[in-house]
Amino acid sequence: MATEALGVSLQYSHSIGRGEFAGPGFRNPVALARGVDDLMYVVNRAYEYRPDGKRITICTVDEEYVGEFARGVHTAGVTDIVTEDGSLIWPTSVALDKAGNVYIADEWLNRISIFTKDGEWIGKWGTEGSSNGEINKPSGMVFDSDDNLIIVDSQNNRIQKLTKGGEYISSFGSQGSGDGEFNLPWGIDLDVDGNIYIADWRNDRIQKFTKDGAFLMAFGTSGSGPGEMNRPTGVAVDNSGMIYVADWGNERMQMFDPAGRFVTLTTGDGTMSKWGKDKLDGNGEMWELREIAQGLERERDFWGPVAVSVDDENRVFVVESCRNRIQVYRRQDPTFRGGGRL
C-alpha cells in the first residue's frame, strides 16, 4: 500500500512487462517516453553479453505489443567494437519531438540516435568532450516547447540545450554540491511553465531551474526517511506541479508538492502483468511451480526503480529495471477515489 500524507495517495493501476530479450516484454528497462494513442517507447538496456536484448519496445499502456526497433552491439571481451547506424550499446533515455520522432541517448557511444515513430533510423549526432555541444555520458533528455532538446550531460555535470540536429544553444551547471551545481545528474523533466527539474544523483536531491537555467530551489537530503533520498535517478512533474521521484537507492517512488515538501511514497504494489499471465498460460507447469514458490509476496515491491514518467492524464509510470516491468499509478486527491484500471 502507498503511504498517505496530507490526504493524498497514489492509486495503483496495473503492471506492464515480463522478462524477455525480444517480443512482448522488457530486459532491464531504464527509461520510457509516452507517445500518441497511449503508445509507449521503452528503452531496454539488457546486458553486455546479450546484445539482442538491447532495443526499443513499442507497446501501449494496456499492454498491447506493437513492435521493437534498434539493435544491440556485443561489447564483452571485444576490443574493436563496430557500431552501425541505429545500434545501441548503453542506452540511457528516450525523448520524442513534436513530430513524434524518437531520440535515444547512448552513454557508451556519446551520441544521440534518431528514429521515426515507427522505428526507422533517420540520423545521429554527438561528439565526446566537454566543450559547448560536446557530451560525456548523456543520460536524461526532454524536449521543450520550442522543440529543442535539453539533455543531462552527466559526466560533465551540466545541462545543455541543443537543437534537434545537435547544435549548441546554451548550458548551465558545474561540478559541486552548491545551488546550481551537480554531482553526476541523471533524470530530467519540465513543468507546464518550462521550468527544469534535475535528479542530482550523487547529491541525493532534486534541483529546479527556470527555462534559462537560473536556480530556483533544491530539496532532498541523504537518507531513507520520508522526503530523504538515496541516489535519485528519475524525476517527473504532472500538470498540477506535483513532483515524482524515482528514489533508486531506497527502492521506492516519492511524491512531493510544488514547493518540494514530501507528500507520500510507495514501495511498490506490483501484480502479474497481462504478458506474464499469457506466458504462464502457455505452460501449465510454470503455473504449478509458481504456486509452490516461496517469497512471491516480494513481487509487489520495487526492485531497481530507475525512472518515472507522468502523462497528460496524470498517470504515473515507474520503470523497474530489475523486475523488467513498469508499475502504473495515478494520483488520488481526497475529493476523488477511483477504482479499477486507469
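Q: What makes strand S1 (residues 9–16) count as mostly covered?
A: In this predicted model, 7 of the 8 residues of S1 are buried. Buried means a relative accessible area under 20%, exposed means over 50%, and partly exposed is in between (1.4 Å probe, protein chains only). Strands (E, at least two residues) and helices (H or I, at least four) are DSSP runs, numbered from the N terminus. Residues are numbered from 1 along each chain as its sequence is written, and side-chain values use heavy atoms, with hydrogens and water left out. As the model is predicted, local features need pLDDT of at least 70 and side-chain atom pairs pLDDT 80 or more, while totals for chains, interfaces and linings use all residues.

Q: How do you know that S1 and strand S28 (residues 325–332) pair?
A: Two strands pair if DSSP finds at least two bridges between them. S1 and S28 have 7, in the antiparallel sense, so they pass. Ser9, for one, stands opposite Gln332 in S28.

Q: Why is helix H2 (residues 284–292) said to lie largely in the open?
A: Count its buried residues: of 9, the number is 0, so H2 lies largely in the open.

Q: What makes the link between Asn283 and Glu285 at the start of H2 a polar contact?
A: A polar contact is a pair of N or O atoms within 3.5 Å; within protein, one must be able to donate a hydrogen and the other to accept it, and residues adjacent in sequence count only if both atoms are side-chain atoms. Here a side-chain oxygen of Asn283 reaches to within 3.1 Å of the backbone nitrogen of Glu285, so the distance fits.

Q: Why is the Asp311 and Arg34 pair called a salt bridge?
A: The term asks for a side-chain nitrogen of Lys or Arg within 4 Å of a carboxyl oxygen of Asp or Glu. The closest N and O atoms of this pair are 3.3 Å apart, so the name fits. The two residues sit 277 residues apart: Asp311 in the loop between strand S26 (305–310) and strand S27 (315–320), Arg34 in strand S2 (residues 29–34). Asp311 is buried, at 6% relative accessible area.

Q: What about Lys117 and Asp118: which words describe how open each one is?
A: Lys117, at 45%, is partly exposed, while Asp118, at 62%, is exposed. Their closest N and O atoms are 3.6 Å apart, and they form a salt bridge too. The structure holds 27 salt bridges.

Q: Why does Cys59 have no bond to Cys322?
A: A disulfide is a pair of cysteine sulfur atoms within 2.5 Å. The sulfur of Cys59 is 19 Å from the closest cysteine sulfur, in Cys322, so that is too far for a bond. The structure holds 0 disulfides. Cys59 is buried, at 0%, whereas Cys322, at 37%, is partly exposed.

Q: Is Gln160 buried or exposed?
A: With 0% relative accessibility, Gln160 counts as buried. You'll find Gln160 in strand S14. A polar atom of its side chain lies 2.9 Å from the backbone nitrogen of Gly133.

Q: Which residues does Gln160 touch?
A: Leaving out residues up to four places away in sequence, its contacts include Asn132, Gly133, Leu149, Tyr168 and Ser170. Contact means heavy atoms within 4.5 Å.
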